[in-house]
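Colleague: I should be grateful for a close look at a single part of this chain, explained for someone in the first year of study. Please begin with one residue and then set it in its surroundings.

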Amino acid sequence: MDDEAMSARGRGAMPGGVPPERSRGRLADEVYDTLLGQLMSLRIEPGSRVTIDVLARELGVSQTPIRDALNRMEAEGLVVRVPHAGYRIPPQITRNRFEDMLEIRLLLEPAAARRSAERASLEQVAGLQRMLEEMAELDEGNGRMAYGAFGLRDAAFHDLVALSAGNQVIREALARLHTHVHLFRLLHDTQVTHLAMAEHEEVLAAIAARDPDAAAYAMRRHILRSGERFRRLFDEAKDAEGMAVEA
């Protein structure tokens with residue numbers, strides 16, 4: 001699978017189920033995307049148990065692509081294998097982990113957006129535009145699964161920006177963070193999708209205009225604003241914990 005196909009794969013997630021008429025590799029990819037969507041939509045809750053046979057029945061596929069997808073997710077730290085008990089979804093990220101991820105994103109993603117404005121092909125710019133159009137359609141949908149599907153395309157948008165920057169090391173580093181999986185698991189709020197859409201449009205406009213400074217600025221502002229949106233969850237949780245102790 002080439003780089004463009006990998007980036008586009010995130011746009012083809014099928015959160016309601018996976019059709020069986022696929023090659024093993026492609027089917028495993030679709031199962032992987034479906035499970036990511038369920039993680040981000042909290043259909044699969046943090047700390048819950050995940051078993052291969054249940055997933056196979058639910059998605060209407062054999063156990064083989066389920067195993068392939070879960071093995072990949074285990075290697076990426078998205079699920080934890082429990083001996084003789086299948087897999088378990090790890091807990092939500094901690095405040096410290098969140099802040100560390102934000103710091104790395106601020107170092108890497110504005111630089112990627114800057115290079116994208118300099119190097120992106122017309123085809124890649126068009127691909128970014130198509131992603132935003134698909135996200136706008138999902139933004140109009142209701143429910144957690146639509147929210148999870150939006151998150152997958154959000155991740156694909158950022159991945160294509162990194163791809164079009166022409167720096168594979170930056171792209172791989174960002175991919176290993178799985179930022180969007182962790183963030184979308186924290187909160188189900190349609191306001192997040194509205195705000196993210198507007199900020200993505202600013203990033204794309206700067207890239208399309210071949211304005212590196214504006215692209216870097218727009219991406220940095222997007223990440224900072226996203227951090228503020230999610231940071232309040234940790235603040236609220238801390239306040240609630242303090243009130244419980246006082247009581």
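Modeller: Thr-179 is a suitable place to begin, and its relative accessibility is 6%, so it counts as buried, the limit for that class being under 20%. Please keep in mind that the model is predicted. Thr-179 belongs to helix α9, which covers residues 179-186. If residues up to four places away in sequence are not counted, Thr-179 touches Met-101 and Arg-105. Thr-179 also lies 8.1 Å from Ala-155, C-alpha to C-alpha, although 24 residues separate the two in sequence.

The next residue to consider is His-178, which sits in the loop between α8 and α9. Is His-178 buried or exposed? With a relative accessibility of 13%, His-178 counts as buried, because this value is under 20%. The backbone of His-178 deserves attention as well: its phi is positive, at about 50°, although the residue is not a glycine. In general, most residues other than glycine have a negative phi. A second residue with this feature is Arg-210, whose phi is about 60° and which is not a glycine either. Arg-210 is placed in the loop between α10 (190-208) and α11 (212-246). Its relative accessibility is 34%, so Arg-210 counts as partly exposed, a class that lies between 20% and 50%.

On the other side of the loop that holds His-178 is helix α8, made up of residues 168-177. Arg-176 is found in α8. Since its relative accessibility is 59%, and thus over 50%, Arg-176 counts as exposed. Arg-176 and Gly-77 are 99 residues apart in sequence, yet their C-alpha atoms are 9.3 Å apart in space.

Helix α8 also packs against helix α5, which runs over residues 95-119. The angle between these helices is about 145°, and their axes are 10 Å apart. The crossing of α5 past α8 is left-handed. Which residues meet in this contact? From α5 come Met-101, Ile-104, Arg-105, Leu-108, Glu-109 and Ala-112, while α8 supplies Ile-170, Ala-173, Leu-174 and Leu-177. Sorted by character, the residues of this contact comprise 8 nonpolar and 2 charged, with no polar ones. Met-101 and Arg-105 thus appear in two places: they take part in the contact of α5 with α8, and they are touched by Thr-179 in α9.

It remains to set this part in the whole chain. The chain contains 11 helices and 3 strands, arranged along the sequence as α-α-β-α-α-β-β-α-α-α-α-α-α-α. Of its 247 residues, 48% are buried. The largest nonpolar core comprises 66 residues, and Ile-66, Leu-70 and Met-73 have the most contacts inside it. Helix α7, residues 144-165, gives the most to this core, namely 10 residues. Ile-66 itself, leaving aside neighbours within four places in sequence, is in contact with Val-31, Ile-52, Leu-55, Ala-56, Leu-59 and Val-61. Among the contacts in the chain with a separation of 6 or more, 76% join residues 24 or more positions apart. Finally, the chain exposes about 12100 Å², and carbon and sulfur atoms supply 52% of this area.

Methods
Residues numbered from 1 in each chain as written. Predicted model: local features only at pLDDT ≥ 70, side-chain atom pairs only at ≥ 80, totals over all residues. Heavy atoms only, no water. Axes fitted to C-alpha atoms, helices over the stretch in contact; angles between N-to-C directions. Helix = DSSP H or I, 4+ residues; strand = E, 2+ residues; numbered from the N terminus. Left-handed = near helix turned anticlockwise from the far one by under 90°. Contact = heavy atoms within 4.5 Å. Nonpolar A, V, L, I, M, F, W, Y, C, P; charged D, E, K, R; others polar. Core = buried A, V, L, I, M, F, W, Y, C linked by side-chain atoms within 4.5 Å. Buried < 20%, exposed > 50% of the residue type's maximum accessible area, 1.4 Å probe, protein only. Areas by Shrake-Rupley, 256 points an atom, 1.4 Å probe, with all protein chains shown as cover.
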